[in-house]
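Reader: I've got the model open in front of me and I'd like a close look at a single part of it. Could you take me through one strand and who pairs with it, and then show me some charged contacts elsewhere in the chain?

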Amino acid sequence: GNPREHVSTRYYLSPPPWQSPENMLMRLLRRGLGRGRGVLEKRGFAWATCMHSRSSVGLLRSSPFSSSSLVRRRQGRSMGKQKGIGEDAEVVFEEAWSKLVSDLGEEKMHFPKEIMWLGGAPGAGKGTNTGFIMRERGYTEAPIVVSSLLNSPEMLAIKASGGLVGDKEVISVLFRELLDPKYQSGVVVDGFPRTKVQAHVVHDLCSRLMHLRNKYKTSGDASKAFARPIFRICVLYVDEDESIRRQLGRGEKAQLHNEKVKATGKGELEELRPTDFDPSLARKRYQAFQDSTLDALEFLGEFFIYNLIIAQGSFAEVESSIVREMEYQSSQELNPETHDMIHHLPRADEISIHARQNLVKRLDSYAMESKDDLMDVVNELETEIYRRIEANVIAGKCSYPVPAAGWDATRVQIALDVLSDRGFRASSHESSSNSDSDGSDTTIAIEWDPPRIRKR
């Protein structure tokens, strides 16, 4: 609206199409109501929360400010880079990228088409929920766990020589791992980024991959190897109290397990983390996640698909949330050129939304305008089609070859509509023409839910 409008003007948060209202509001409220309000107030808003249908919606009131300050705010958010962090990240990225290109060649920079950058609060259940995420996105290879990469021979050699493993080293080994052909269809990167510098490197990586796509898109086979990169940001979120409770519970279970292993001599000892036994350390670990990792991931959420999974409920509730968040989104996943060619076609839900009302209108119009046709079809249903249905009632399906005489496309449609009104799933299809047959080339396929005959 008008940035100079009166202070009492109200606005509803309008999330982008890939975010639900719950998702967007949770991003604002993740650090508590007071801190969320403070963030908005710094941007010239007063706010309150209310419930609208199934979604929590933030109700905002704008404070008057100049159009120039609005532009500066928008420019600041669109730039998204603090000068020092962005410059540091650019240096780190260029060093890692240049070494990679020098060793392998630019034409070999075939990164996965889709990368899921996954982070989670302590105790959010990454080990359990990552499997659900992979299933929904169709990833077949195990996740790249960045903490495991730090124990690779390359990293251990650096440590053994007295060197420090910094961002440059971590990014270099991660980039090389991502080039493994087995990840081409998609992969989860678990535990990266953790800092703003690393987040900027992810942003720079996407920009470089887009540059390569544009450079090679007219180069025949090479263009297929440089697909448009799809970066998704996924956060498994639990609040502070739940995180601490889960961390301490995990420590208790690990301790009991280790005692059993020591007593029986069977099994393997589990790692005991100090943070899983001390509430203050558990709280500190959660705050580190809030202040560093989550900030880094939310920065990337300004540029890429952002999936916030609220992981506090039961396994079934969390799985349902993952299914909802990971749904296919053609506008985000297809190449823009492809999407532009097909997006004008209506989706299935757009066609079916008024299917019931349209069915009623058609049936009423048959009774008014095509009464003879409707009566003939009803007679055929009573004498022939229902006889076939009753004979195949246990199978749950049957077919009916449309008579050649007296049946045109209108009568076929009437039959389909009447069967649909009666609760059947009916469709028609054309078979190949047979000159030796006196029948029609059209068959009506009819299905229904069969009765259950016996217990399983």
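Author: Sure, let's start with one bridge pair: Ile 144 has Val 189 in strand 6 as its bridge partner. Keep in mind that this is a predicted model. Ile 144 belongs to strand 5, residues 144-145, which runs parallel to strand 6 and is joined to it by two bridges. Strand 6 also pairs with strand 4, residues 114-120, again in the parallel sense, this time over four bridges. On that side, Trp 117 stands opposite Val 189. So what covers strand 6 itself, because a strand has two faces to account for? Strand 6 spans residues 187-190, and both of its faces are covered. Val 187 and Val 189 point to one side, Val 188 and Asp 190 to the other, and all four are buried, because each falls under 20% relative accessible area.

Now for the charged contacts. Side chains of opposite charge can pair when their charged atoms come close. The model has 20 salt bridges by the rule used here, and a few are worth clicking on.

Try helix 11, residues 240-264, where Arg 245 and Glu 242 sit three residues apart, about one turn of the helix. Their side chains meet in a salt bridge at 2.7 Å, N to O. The two ends have different surroundings: Arg 245 is exposed, with a relative accessible area of 53%, whereas Glu 242 counts as buried at 14%.

Next, go to Arg 425, in strand 10, residues 425-430. Arg 425 is partly exposed, at 44% relative accessible area, and takes part in a salt bridge with Glu 447 (4.0 Å, N to O). That pair links distant parts of the chain, with Glu 447 in strand 11, residues 442-447, 22 residues away from Arg 425. Glu 447 is partly exposed too, at 37%.

Arg 425 also meets the side chain of Asp 449 in a salt bridge, at 3.4 Å, N to O. Here the partner lies in the segment after strand 11, and the two residues are 24 apart along the chain. Asp 449 is exposed, with a relative accessible area of 63%.

One more stop, if you like groups: Lys 99, Asp 103 and Arg 176 are joined into one network by salt bridges that share partners.

Key
Residues numbered from 1 in each chain as written. Predicted model: local features only at pLDDT ≥ 70, side-chain atom pairs only at ≥ 80, totals over all residues. Heavy atoms only, no water. Buried < 20%, exposed > 50% of the residue type's maximum accessible area, 1.4 Å probe, protein only. Pairing = 2+ DSSP bridges.
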